[in-house]
Amino acid sequence: MSASVPQGHNWAQRVKKEDEEEEDPLDQLISRSGCAAAHFAVQECMAQHQDWRQCQPQVQAFRHCMNEQQAKRREELQRRKEQASAHH
């Protein structure tokens, strides 16, 4: 019929790309941080217990992971800044 109507596999690929682009920025950040497993453990605990107080070990593990990743990121940015200023 109309050439503008998506057909077959090409349509499925386009939908997948749109879904990927709409991923939550927070989820992307957590995924890139390397702390996704710890975040998932917090979510799983909260789903099971419905009480954040019962999930403190998971919360603390996630916090620790994110703090380590942030420290590494700060160190890397500082190192790059020092290298850039040394070259000028």
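From the N terminus on, the elements of this protein follow the order α-α-α-α. That makes four helices and zero strands in the secondary structure. Please keep in mind that what you are looking at is a predicted model.

**Surface and burial**

Of the 88 residues in the protein, 14% are buried. The exposed area comes to about 7,700 Å², and carbon and sulfur atoms supply 52% of that area.

**A closer look at helix α3**

Helix α3 covers residues 36-49, which is 14 residues. At 1.5 Å a residue this helix should span 20 Å, and its end C-alpha atoms are indeed 20 Å apart, so the expected and modelled values agree. Just after α3 comes Q50, with a positive phi near 55°.

Which residues of α3 are buried? They are A38, H39, V42 and C45. Seen down the axis of α3, the buried residues fall within an arc of 125°, so they line one face of the helix. A general point about helices helps here: an α-helix has 3.6 residues a turn, so residues three or four places apart point the same way. On the face of α3 turned away from the buried side sit the exposed residues A37, F40, A47 and Q48. The cover over the buried residues of α3 includes α2 (25-33) and α4 (56-86).

Here are the two sets of α3 residues, side by side with their helix:

| Helix | Residues | State |
|---|---|---|
| α3 (residues 36-49) | A38, H39, V42, C45 | buried |
| α3 (residues 36-49) | A37, F40, A47, Q48 | exposed, on the face turned away from the buried side |

**A61 in helix α4**

Helix α4 includes A61. Is A61 buried, partly exposed or exposed? Its relative accessibility is 40%, and since buried means under 20% and exposed over 50%, A61 counts as partly exposed. A61 and H39 are 22 residues apart along the chain, and 8.8 Å separates their C-alpha atoms. H39 is one of the buried residues of α3.

**The largest pocket**

How much space lies in the largest pocket? The volume is about 180 Å³. Its lining consists of L29, R32, S33, M66, Q69 and Q70. The elements that give two or more residues to this lining are α2 and α4. Both α2 and α4 are also among what covers the buried residues of α3.

Notes:
Residues numbered from 1 in each chain as written. Predicted model: local features only at pLDDT ≥ 70, side-chain atom pairs only at ≥ 80, totals over all residues. Heavy atoms only, no water. Buried < 20%, exposed > 50% of the residue type's maximum accessible area, 1.4 Å probe, protein only. Areas by Shrake-Rupley, 256 points an atom, 1.4 Å probe, with all protein chains shown as cover. Expected span 1.5 Å × (residues − 1). Arc of directions from axis to C-beta. Contact = heavy atoms within 4.5 Å. 1 Å grid on protein atoms, 1.4 Å probe; cavity = no way out; pocket = protein on both sides within 12 Å on 5 of 7 lines; lining within 4 Å. Points joined across faces, edges and corners; volume = space filled by probe spheres on them.
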